Amino acid sequence: MKLSDVKLSRRKFLAASGTTAAALTIAGGLSSLKAVASEHEAEKPSSGERGRKFIPSTCAICVNKCGLIAEVVNGRIKKLNPNPKYLKSRGMLCARGNSGAAIPYDPHRLKKPLLRVGKRGEGKWKEISWDEAFKYVAKKLAELKVKYENRSTVLFASTEGFQEEFFYFLAQSYGSLNTVRHPTLCLASTIQGWMSVYGTYPDADMRNAEFVLMFGANRAEGLVTPDSVDFQRFKPKGQQLIYFDPRFTNTAAKADKWYPIKPGTDLALVLSLINVIIEENLYDKDFVEKYTYGFDKLAEHVKQYTPEWAEKECEVPAADIRWMAREFAKYAPRSVVYPGRRSSWYINDTYFRRACAILTAICGCWDTPGGVVPKSKIKLVKHDDITFPIFDMAEDRADSEAAADVLPDLIVKDDREEGLPKDKVSFLSEKDGSWLVLREAALRGKPYPIKGMMVYKQNPVESVPERPKTLKMMEQMEFICVIDTQMSDTAWYADIVLPESTYLERWDPGHGESGIWPVVAFRQPVIKPLFDTKSMHDIAAGIIDEMLKIKELWDDADPDEVEEFKETVVEDIFHKSTEEFLKHQVSRFPGAFEKLTKEGVFYLSDKPQYGKTRKPGFRFKTRSGKIELYNLKYEAKGLDPLPVYRRPKVEEGKYRFILGRHGFHTHSSTQNIPYLWEIMKENMLWINTREAKKLGITNGDYVIVKSEVGEQKVKAYVTEKIRPDCVCYIHGWGRLSPWLNLVYKKGGSQAAIIKSAVEPISGNAAMHETFVEIRKA
């Protein structure tokens, strides 16, 4: 079996929604991919609406937030088309985004509030009214506050989205400091690494870059706009892409050169590139002198990291390393080490990202066309006068207070431990937290009990490594509330599930999409809600209104602050519509609201934004005020101020389990959409042909993948496209919620076998530290 046998190529997938005809051509080749119109157009509209409308909004299938125009016929969605005026997505909408047209009509979606009446996980629910639901949630939150005299006993977990800020407002209204978000399972270490050099996290100008080094960020399948579009459709003539990944992905197929780098040695390669550029005087001397701090220390530090040394570590030829370094410097400043979205790999991931940022800096590839560029943003009007009470009964974050006890057990024991913090997460985000550290604190009851969970959109049962620990943590909870559009695995184990309206049925606030081409995105309903569902804004409003009726929830706050909270948050935000909230956000730009609702996007300029940090007197957000090749904060905290390579451990006789992305699904949220399920019905274990032969495994055989924390049964995909020392299967299968009927107990779950490991500088989960055994089932 070839990977191409999975019916739909990457090229076709990306091009599918470039035009309506193309999308329908692809869909016609798949048995269940009938046009949405054919399934719904014949149905009589319950609303009585007649006629055809074209309504602009924004996709929510993944993090990219691409522009769309919904074609609505007789009150029902016929198709989602790309918005040609939406700069960030280059006027495109991928087939995954187009599949969102089916979501409102999914018979398995959540339709009414559900209260558990049996044991957790038993699947016994009863429908209740929203008034009952709001009273129940407020009552449970009050009981936990009174019982434990600590509002932080409730954990608030969420993933990104336009309505997430209302969930965060709910957390602040209750007073818990234990909030935890998606970045701690994704790119927290990437952000920290780049910020430690530049004081900000930049974008890559893939549209103008001439030489690109990309490490595992599979942009042809893990879609990020505009990058995924630019490097395939709008790249400059002659652009060279050099790709490093243990797997031969679709990005590798698009690249000019692919290197199956040895896992965990990426830092060695980047340090050797810096070595060559400095040794051969290829760096940008003027830029280095004017904008950077610590070059002399860097130059001395990297002398040890020669290409010949690196070849032995990462299995990339020394001659090729020298060629890469010279080409990178030759095309600078239009050279890029791609900084884009990718989950943390290893416990020293922040140091690797720092090295990537340093390489771009010494060649002057900063804030200029074709380089890495600080994000620009259209500033929206905030409710600056809002007041949340300061509660006496709110302990500090558990993942901060318990880190000294927890971290040593979450850091892999090998040479890389040196240079990493053991007593605390060095740069813990107060809003994002650290999922693995916080979960471990909850399991140990340190520094205090965590006994409640409020979860918005996130699915920690399937997204957080070591699923047995997540389930054990949830068993300890006295109250779990999940807000979602579908019965996720986490919702399945909740006490109450509150159904959110889909993104096609609601208003969402404006969101400044920062980048080289900044825009403001929003959402407006393209159809009326089909069921008894509400937006997160209205759900938060209902819960807070009920909380205000319970005096025990406010007795540890200043009465004057509570009154200000009622006026500035409850009345000005939650007792007004999301549409009014949006109008306030864009009020400084005359005509912006009208343009958004008519055209689906607002921007001040369609020109890329460069050069704002190259102006005289600009001070970078670092301790020195310059680009820090040598980081002063790291030095003060006892961390390595310059990236130091230390060899990762290898477990003999086992395979390193690595993660990967593909273009068909978003994390664990889309596998039950029939149109996408038709493309990929089950995930498969990538295993090298030579290794499979040793184990007596042939293509399509079921195999057992076993780690130290669990095992899964999955089909084998025998291929030359992966290193012999690695295996991989894609995220989102092996699910525990029967309502996800297409993928329930089918395929393998990553969360069930990935062990808990933390990158302790940022608190990110280190996803590539698991070794597995493989045997034929």
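**A walk through the predicted model, starting from a cavity**

The second largest cavity has a lining of 17 residues, and those nearest its centre are Cys66, Leu93, Cys94, Leu223 and Thr225. The model is predicted, and a search of the whole structure gives nine cavities of 30 Å³ or more. The second largest cavity holds about 180 Å³ of space. Sorted by class, its lining consists of 10 nonpolar, five polar and two charged residues. Two helices, α4 (95-98) and α8 (227-234), each contribute at least two residues to this lining.

Which domains supply the lining of the second largest cavity? At least three residues come from each of domain 1 (52-105) and domain 3 (187-374 + 611-636). These belong to a division of the chain that also includes domain 2 (114-183 + 385-397 + 431-501 + 528-587) and domain 4 (655-776). The C-alpha centres of domain 1 and domain 3 are 34 Å apart. In the contact, nine residues are from domain 1 and 11 residues from domain 3.

Arg90 is placed in the loop between β3 (76-82) and α4. Its phi is near 55 degrees, a positive value in a residue other than glycine. Is Arg90 buried or exposed? Arg90 counts as buried because its relative accessible area is 14%, and the limit for buried is under 20%.

Phe162 sits in the loop between β6 (154-158) and α6 (164-174). With 3% relative accessibility, Phe162 is also under the 20% limit and therefore counts as buried. Leaving aside residues up to four places away in sequence, Phe162 touches Thr58, Lys65, Asp508, Pro509, His511, Glu513, Ala521, Phe522 and Arg523. The C-alpha atom of Phe162 is separated by 44 Å from that of Ala299, 137 residues apart along the chain.

Next comes helix α18 (residues 435-444), which is mostly covered, with nine of its 10 residues buried. The buried residues of α18 include Trp435, Arg439 and Glu440. An α-helix has 3.6 residues a turn, so residues three or four places apart point the same way. After α18 comes Gly445, which has a positive phi near 70 degrees. In the loop between α18 and β15 (452-456) lies Pro447, and a cis peptide bond with omega of about 0 degrees joins Lys446 to Pro447.

A cis peptide bond is also found between Ala332 and Pro333, where omega is about 10 degrees. Pro333 is located in the loop between α14 (318-331) and β13 (335-337).

Asp489 belongs to helix α21 (residues 489-492). Asp489 has a relative accessible area of 0%, so it counts as buried. What does the side chain of Asp489 make a polar contact with? The partner is the side chain of Arg735, at 2.7 Å. Arg735 also appears among the residues that Asp489 touches, along with Asn459, Val461, Glu462, Leu736, Ser737 and Leu740, when residues up to four places away in sequence are not counted.

The last stop is His667, in the loop between β21 (655-658) and α27 (674-679). His667 is not a glycine, yet it has a positive phi of about 45 degrees. His667 counts as partly exposed because its relative accessibility is 29%, a value between the 20% limit for buried and the 50% limit for exposed.

Notes: Residues are numbered from 1 along each chain as its sequence is written. This is a predicted model: local features need pLDDT of at least 70, side-chain atom pairs count only at pLDDT 80 or more; totals for chains, interfaces and linings use all residues. Side-chain values use heavy atoms; hydrogens and water are left out. On a 1 Å grid over the protein atoms alone, a cavity is a set of points where a 1.4 Å probe fits but cannot get out, and a pocket is an open set with protein on both sides within 12 Å along at least five of seven lines; lining residues have an atom within 4 Å of a point. Grid points are joined across faces, edges and corners, and a volume is the space filled by probe spheres set on the points. Helices (H or I, at least four residues) and strands (E, at least two) are DSSP runs, numbered from the N terminus. Ala, Val, Leu, Ile, Met, Phe, Trp, Tyr, Cys and Pro count as nonpolar, Asp, Glu, Lys and Arg as charged, and the others, Gly among them, as polar. Domain bounds come from an automatic or database domain assignment. Buried means under 20% relative accessible area, exposed over 50%, partly exposed in between (1.4 Å probe, protein chains only). A polar contact is a pair of N or O atoms within 3.5 Å; within protein, one must be able to donate a hydrogen and the other to accept it, and residues adjacent in sequence count only if both atoms are side-chain atoms. Contact means heavy atoms within 4.5 Å.
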